[in-house]
Amino acid sequence: FFLSFIRVFAWFLLPHLFLLLLFVFIFHFSFMENLPGVISSAAEYRQLEITYGLSSFEGVELPSPGSSISSPPPGKIGVYLKTLDAGIRFPLTDFQEEVLQKDGCSLQMLTPNAVNKVVAFEMICRANGYLPDYFVFKFFFRFCVTGDKCTFLVRQGGHALVPDGRTPKNWQDKWLLVNQEL
């Protein structure tokens, strides 16, 4: 029985799995870099589900044409795709929520570099067997607001635990909506 299962798997499912992976790879690279503006089609939405592990649990919605991330519908917040590229996933961890709350910043205000620092700091702590701590995080980074965007900079004379990176061009071009309670 087991050998017949392996034969069926190898004969039927494996080629289909290969085609699916090939499709995902080609589709991912064809739309992720060339899409101007907000995410606007069902195919692009399905790709986001695959790429970022999003599901209906997060209440992910595509923004309507002409909508603004700064004025989302009730119960929703806007999230830039580059924020997801930088490592944020839903639901947010307690540490990520604590950083946002104590610094008085919302997720859509953080730059990709800021998100990268928060996520990387948390990963470094957990990889070394420690829970991430807001006050230890603030020992390494200071909060900085420029206009309507927030970031974390390495403290003067401090160690670059997570170095400053380059903020990608046009990082604010692509976004979607998620449930606010996440």
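1. Helix α5 covers residues 112-127, and its length can be checked against its geometry. At 1.5 Å a residue, these 16 residues should span 22 Å; the C-alpha atoms at the two ends are 22 Å apart, so the expected and computed spans agree. The structure under review is a predicted model, and the values in this note should be read accordingly.

2. Much of the interest in α5 concerns burial. The buried residues of this helix are Pro 112, Asn 113, Ala 114, Val 115, Lys 117, Val 118, Val 119, Ala 120, Phe 121, Glu 122 and Cys 125. The list includes Lys 117 and Glu 122 as well as residues such as Val 118 and Phe 121. The cover over these buried positions includes helices α3 (81-85), α4 (94-103) and α6 (134-140), together with strands β2 (141-146) and β3 (149-154). Just after α5, Gly 129 adopts a positive phi of about 85°.

3. Two of the covering elements, β2 and β3, also pair with each other. Their pairing is antiparallel and runs over six bridges. Within the pair, Phe 143 stands opposite Phe 152 of β3. The hairpin has two residues between the strands, and Gly 147 in this hairpin takes a positive phi near 65°. Strand β3 is mostly covered, with five of its six residues buried.

4. Which elements give two or more residues to the lining of the largest cavity? A search of the whole structure finds one cavity of 30 Å³ or more, and the largest cavity holds about 50 Å³ of space. Its lining consists of Ile 88, Gln 96, Val 99, Leu 100, Leu 107, Leu 110, Val 115 and Val 118. The elements that contribute two or more of these residues are α4 and α5, and α4 supplies the largest share, three residues. By character, the lining divides into seven nonpolar residues, one polar residue and no charged residue. Val 115 and Val 118 of the lining are also among the buried residues of α5.

5. A separate point concerns Gly 75, in the loop between α2 (42-52) and β1 (76-80). Is this residue buried, exposed or partly exposed? Its relative accessible area is 35%, and Gly 75 is therefore partly exposed, since that class lies between the limits of 20% and 50%. Leaving aside residues up to four places away in sequence, Gly 75 touches Val 178, Asn 179, Gln 180 and Glu 181. Gly 75 and Val 178 are 103 residues apart along the chain, yet their C-alpha atoms are separated by 8.5 Å.

Definitions and conventions: Residues numbered from 1 in each chain as written. Predicted model: local features only at pLDDT ≥ 70, side-chain atom pairs only at ≥ 80, totals over all residues. Heavy atoms only, no water. Helix = DSSP H or I, 4+ residues; strand = E, 2+ residues; numbered from the N terminus. Expected span 1.5 Å × (residues − 1). Buried < 20%, exposed > 50% of the residue type's maximum accessible area, 1.4 Å probe, protein only. Contact = heavy atoms within 4.5 Å. Pairing = 2+ DSSP bridges. 1 Å grid on protein atoms, 1.4 Å probe; cavity = no way out; pocket = protein on both sides within 12 Å on 5 of 7 lines; lining within 4 Å. Points joined across faces, edges and corners; volume = space filled by probe spheres on them. Nonpolar A, V, L, I, M, F, W, Y, C, P; charged D, E, K, R; others polar.
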